[in-house]
Amino acid sequence: MIEDQLTDGLAGASADVDAGAALMLRFQQGEEACFDALVLRYQRPLTGYMLRLVRHPGVSEELVQDVFLRVYRSRERYRPQARFTTWLYRIATHLALNYLRDHRAEAHQASLDEPETEGGHPPDAADGRPGIETRLMRREWRRRVQQAIASLPERQRAAVILHKYQEMEYREIAQALQLSVSATKSLLFRAYEVLRGQLEQLEAMPG
Amino acid sequence: MNCRQVRQSWMDAAPPVAAVRHLESCARCRAAWEQHTHMQSALDAWQPETRLPPDLTLRLRRQLALEAKPRRSVGSRIRGWFESWDGVPHPGRLRLAAASGTLLAAICLGILAWPHTAAVAPAPAPARGVVRDLQALNHDRGMLTNFPLLSTSAGNTAGAASSTTYAN
């Protein structure tokens with residue numbers, strides 16, 4: 001609701017206005033509510049990014065919190081030179097890569113599979129629920145996709161997630177990873193080549 | 001376009017026409033394209049469920065409030081303590097004296113309340129005690145000599161010594 005009210009104020013701006021940057025600038029000028037609006041707006045995509053990158057729900061939650069704390073603390077220094085999301089994901093990537101570097105030895109076995117909301121039901125064609133066999137096959141399928149992404153080096157993994165799931169452009173990914181655009185392209189190319197080879201044997205998603 | 005350029009162009013949202021034409025003539029890239037689309041659909045289907053903490057904004061605010069609380073140094077705490085006397089309606093010197101007096105009283109109380117170690121009284125010199133005991137014993141024996149019936153058994157052995165003592 002706050003976000004709606006705040007973004008309503010941007011209605012008169014140009015169509016390609018960066019809503020995040022506008023909110024950040026207003027926050028910079030002292031509108032504290034704009035910070036809450038930024039949190040509400042970017043919490044979900046940021047959590048998804050962290051979750052894919054670090055593969056641990058608790059850790060990703062803490063990292064997201066850290067990202068927003070950094071946003072708050074650096075409000076004075078913020079300059080809208082790039083898209084707000086580029087700046088935001090740069091902070092997030094920096095924190096996540098630091099975390100992964102520091103905890104490289106620890107193998108998180110946390111499962112990112114869907115919760116067992118469907119669990120406990122016998123196969124029932126009448127209610128359209130997939131049978132237990134299909135659910136198990138889907139789980140295994142997801143595990144293999146997850147493993148393939150997890151097997152990538154950290155920077156490649158971050159690049160793929162930013163490109164594939166956050167739908168960022170090369171230039172933005174390059175800024176987030178602090179690389180040149182050409183280096184980012186070749187990083188992504190290598191990552192996709194590895195993934196292509198790893199997922200080659202994977203059949204289509206069951207069900 | 002060579003094979004690498006063609007495969008790189010697949011990462012773009014809209015690959016160029018030349019890349020599409022390349023597939024018609026290159027069997028290896030066609031096979032790779034099949035694998036690429038398969039990989040893309042596999043990646044598309046991987047959507048981990050993101051559980052958002054409902055109280056993130058609240059937690060952030062709490063954390064920021066903690067950070068905003070200024071940490072006072074020892075010096076500023078002492079200054080603050082003296083400043084707390086400002087409300088007392090007395091001249092400055094009296095206030096300072098009162099503050100110093102309180103401090104002194106606190107120090108005295110601290111000293112008094114400090115657990116004392118019990119003073120150890122010097123033990124009596126054992127030699128002197130032994131002498132006193134022997135003198136008492138000799139006195140008793142001297143008394144016994146006045147009662148011959150009682151001192152018959154002990155008189156012959158110790159009597160001489162005791163009489164010697166008394167003689168002294």
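1. Start with helix 9 of chain A, residues 181-198. This helix gives the largest share of the lining of the largest cavity: four residues. Keep in mind throughout that the model is predicted.

2. Which residues line the largest cavity? From chain A come A:Phe189, A:Tyr192, A:Glu193 and A:Arg196. From chain B come B:Arg7, B:Trp10, B:Met11 and B:His36. Both chains therefore appear in the lining, as the 4 Å rule for lining residues assigns it.

3. The lining of this cavity is mixed in class. Four of its residues are nonpolar, one is polar and three are charged. The volume of the largest cavity is about 60 Å³. How many cavities reach 30 Å³ or more? The count is one.

4. Now the open space. The largest pocket has a volume of about 280 Å³. Its lining is made of 15 residues. Those closest to the pocket centre are A:His163, B:Trp10, B:Met11, B:Asp12 and B:Ala13. B:Trp10 and B:Met11 are worth a second look: they are on this list, and they also line the largest cavity.

5. Where does the pocket lining come from? Two elements give two or more residues each: helix 7 of chain A (154-164) and helix 3 of chain B (27-45). Helix 3 of chain B provides the largest share, three residues.

6. The pocket lining can be split by class as well. Eight residues are nonpolar, three are polar and four are charged.

7. Chain A is helical in its elements. DSSP runs give nine helices and zero strands. Read from the N terminus, the order is α-α-α-α-α-α-α-α-α. Chain A has 207 residues, and buried residues make up 46% of them.

8. On the surface of chain B, look for a nonpolar patch. B:Leu103, B:Ile107 and B:Ile111 form this patch. Together the three residues have about 290 Å² of accessible area.

9. Take B:Ile107 from that patch. Its place is in helix 6 of chain B, residues 92-113. Why does B:Ile107 count as partly exposed? Its relative accessibility is 46%. Buried means under 20% and exposed means over 50%, so B:Ile107 falls in between.

10. To check these points in the model, begin at helix 9 of chain A, with its four residues in the cavity lining. Go on to A:His163, one of the residues closest to the pocket centre. Finish at B:Ile107, in helix 6 of chain B.

Note on methods: Residues numbered from 1 in each chain as written. Chains lettered and ligands numbered in written order. Predicted model: local features only at pLDDT ≥ 70, side-chain atom pairs only at ≥ 80, totals over all residues. Heavy atoms only, no water. Patch = residues over 30% accessible without salt bridge, like charges linked within 9 Å, V, L, I, M, F, W, Y side chains within 5 Å. Areas by Shrake-Rupley, 256 points an atom, 1.4 Å probe, with all protein chains shown as cover. Salt bridge = Lys/Arg side-chain N within 4 Å of Asp/Glu carboxyl O. Buried < 20%, exposed > 50% of the residue type's maximum accessible area, 1.4 Å probe, protein only. 1 Å grid on protein atoms, 1.4 Å probe; cavity = no way out; pocket = protein on both sides within 12 Å on 5 of 7 lines; lining within 4 Å. Points joined across faces, edges and corners; volume = space filled by probe spheres on them. Nonpolar A, V, L, I, M, F, W, Y, C, P; charged D, E, K, R; others polar.
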